[in-house]
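Student: Could you take me through one part of this model closely, namely its salt bridges, and then place that part in its surroundings? I would enjoy one connected account.

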Amino acid sequence: MTAIVGVLNKHAVAIAADSAVTMGNTHKVVNSANKIFTLSKYHPVAVMTYSSASFMGVPWDIIIKEYRKQLKNKSFANLEYYVNDFIKYLHKERFFCDKKTQDIYLKWMLNSFFDICCNEVCNEKHIDRSALTSTLIEQKLADCIKINKSAGKCPDFDTYSFVDFKKYTKVVIQDFANEKSFANVDVLSESFFYYLSVTILTYSYTGLVFVGYGEKEIYPSLIPVNISPLVIDGHLKYFIDQGNIAKISEHGNTAVISPFAQVDVVQTIIRGINPSFQDIIYNVIGKSIESYTNAITSILDKNPATIAASTAVKGLDKMSVISGITTQINNEMFNLYSRPLIDTIANLDKEDMANMAESFISLTSLVRRMQPGEETVGGPVDVAVISKGDGFVWINRKHYFKPELNASFFSNYFK
């Protein structure tokens with residue numbers, strides 16, 4: 001797991017990341033991972049990574065550094081163009097893997113999807129896996145088709161038809177269906193296609209957070225992209241996380257805090273309340289209103305003269321009332337906690353922004369250390385500041401080597 005954060009204002013953007021990484025399925029955590037990379041050696045733009053550290057078996061640091069090497073001193077007018085060019089580069093390099101590797105990941109993802117559907121059926125029907133039937137699974141797959149068919153699609157799947165997908169994956173899906181003794185291959189294939197095509201996160205995805213300045217931008221931006229480790233017939237499952245795009249502008253946001261991966265500690269500081277505890281409060285409010293109205297109607301039902309009033313109370317839109325209460329709470333929290341913090345950040349200089357970004361990660365690490373279970377956030381905190389005038393500047397950075405013994409590394413960096 002990971003904790004990364006970006007703190008933006010008109011002066012610069014400060015980014016920070018921990019160093020913890022979980023080694024596969026071993027639950028072993030090591031504190032040596034690099035999650036911040038310069039996307040260009042010459043221009044103020046960088047990328048942070050979280051969740052899966054590799055793509056189709058290739059470590060992301062290799063892919064990013066290979067992209068940086070071929071980019072050279074080329075620049076783009078806006079940060080969005082860097083994102084688009086990076087995605088094009090993945091396509092151009094055939095996703096750094098061959099057809100055999102792509103088929104392996106296809107089957108792996110199909111197995112993951114099938115397993116998710118089976119687990120959902122068991123939870124909904126309150127049965128064990130041994131009680132699952134093909135009919136129940138087919139019904140769940142059909143429901144998935146209905147839900148995902150009308151959902152937003154990933155860019156690479158906008159013009160990719162199910163007919164082409166079915167032709168390309170026919171052998172792999174048929175073999176998988178035979179292994180699972182599942183007869184309805186068509187519904188499995190169609191449901192899997194729409195699952196892959198929509199903008200939802202899949203298991204073992206990678207979050208890439210592009211941050212910095214385009215050539216014609218004077219204020220920083222942050223654009224998160226989610227990429228799944230799967231390529232189908234040259235089509236990559238990825239989408240931009242539109243809800244978490246952050247842009248500083250003259251008449252828009254003057255400051256933004258953007259946490260990713262493990263965000264609960266940062267959100268607690270921003271909102272003034274832990275997100276999990278906030279959910280508990282909202283859940284209690286909903287149940288309280290429900291029980292309160294039930295208590296009133298049970299009294300009114302006992303008197304024939306007040307049955308009409310009881311019917312009216314039962315017909316009340318309780319969800320609207322609950323929504324109004326939660327909206328009011330959110331507004332109060334924003335005015336009391338979030339707005340003053342954002343107003344303060346808007347006026348911070350580069351050094352204070354870097355300290356704040358580092359503190360967010362350090363506090364998250366401290367909380368994880370005090371909680372039971374794995375310390376999934378920890379190790380040295382890498383911190384950098386990107387500004388329009390000074391470019392990318394490291395504030396804290398760990399090295400796997402001693403810088404004083406490797407002068408050649410730094411002298412060759414811009415060659």
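Tutor: Happily! Let me start with a cut-off: a residue is called buried under 20% relative accessible area, exposed over 50%, and partly exposed in between. With relative accessibility at 34%, Lys-166 therefore counts as partly exposed. Please keep in mind throughout that this is a predicted model.

Lys-166 is a good place to begin, since its side chain meets that of Asp-186 in a salt bridge, with N to O at 3.0 Å. Lys-166 belongs to helix α5 (residues 162–180) and Asp-186 to helix α6 (residues 185–197), so the bridge ties together parts that are 20 residues apart in sequence. The partner falls in the middle class too: Asp-186 has 44% relative accessibility and so counts as partly exposed.

Now turn to another pair, Lys-398 and Asp-382. Their closest N and O atoms are 2.6 Å apart, and the two form a salt bridge. Lys-398 sits in the loop between β15 (391–396) and α12 (407–411), while Asp-382 is in strand β14 (residues 382–387), so this pair ties together parts that are 16 residues apart in sequence. Here both Lys-398 and Asp-382 are buried.

The next bridge is between Lys-140 and Glu-124, whose side chains meet at 2.8 Å, N to O. Lys-140 comes from helix α4 (residues 134–149) and Glu-124 from helix α3 (residues 99–125); the pair links distant parts of the chain, 16 residues apart. Lys-140 has a relative accessible area of 9%, so it is buried. There is also a third member to add: salt bridges with shared partners join Glu-120, Glu-124 and Lys-140 into one network. Across the whole structure, a search finds 14 salt bridges.

Let me stay with helix α3 for a moment, as Gln-102 is found there as well. Gln-102 counts as buried because its relative accessibility is 10%. Once neighbours within four places in sequence are left aside, the contacts of Gln-102 are Met-56, Arg-94, Phe-95, Cys-97, Tyr-168, Leu-230 and Val-231.

Two of the loops deserve a look for their backbone. Phe-96 lies in the loop between α2 and α3. Although Phe-96 is not a glycine, it has a positive phi of about 60 degrees. Its relative accessible area is 24%, so Phe-96 is partly exposed. Lys-72 also has a positive phi, about 55 degrees, without being a glycine. You will find Lys-72 in the loop between α1 (60–71) and α2 (79–92). With 56% relative accessibility, Lys-72 counts as exposed.

On the N-terminal side of α1 in the numbering, have a look at Pro-59, which is found in strand β8 (residues 58–59). Pro-59 is partly exposed, because its relative accessibility is 34%. Apart from neighbours within four places in sequence, Pro-59 is in contact with Ala-53 and Ser-54. For a sense of distance, the C-alpha atoms of Pro-59 and Lys-350 are separated by 31 Å, with the two positions 291 residues apart along the chain.

Lys-350 brings us to the surface, for helix α11 covers residues 350–370 and gives three residues, the largest share, to a nonpolar patch. That patch, of about 360 Å², is made by Ile-269, Leu-363, Leu-366 and Met-370. Leu-363 is found in helix α11, and at 36% relative accessibility Leu-363 counts as partly exposed.

Finally, let us step back to the protein as a whole. It has 12 helices and 15 strands, and its C-alpha trace spans about 90 × 60 × 40 Å along the principal axes. Of its 415 residues, 44% count as buried. Among contacts between residues at least 6 apart in sequence, 67% join residues at least 24 apart. The protein exposes about 21,400 Å², and carbon and sulfur atoms supply 54% of that area. As for charge, there are 42 positive and 42 negative charges, and their mean positions are 4 Å apart.

Key:
Residues numbered from 1 in each chain as written. Predicted model: local features only at pLDDT ≥ 70, side-chain atom pairs only at ≥ 80, totals over all residues. Heavy atoms only, no water. Patch = residues over 30% accessible without salt bridge, like charges linked within 9 Å, V, L, I, M, F, W, Y side chains within 5 Å. Areas by Shrake-Rupley, 256 points an atom, 1.4 Å probe, with all protein chains shown as cover. Salt bridge = Lys/Arg side-chain N within 4 Å of Asp/Glu carboxyl O. Helix = DSSP H or I, 4+ residues; strand = E, 2+ residues; numbered from the N terminus. Buried < 20%, exposed > 50% of the residue type's maximum accessible area, 1.4 Å probe, protein only. Contact = heavy atoms within 4.5 Å. Lys, Arg positive; Asp, Glu negative; His and termini not counted. Charge placed at Lys NZ, Arg CZ, Asp CG, Glu CD.
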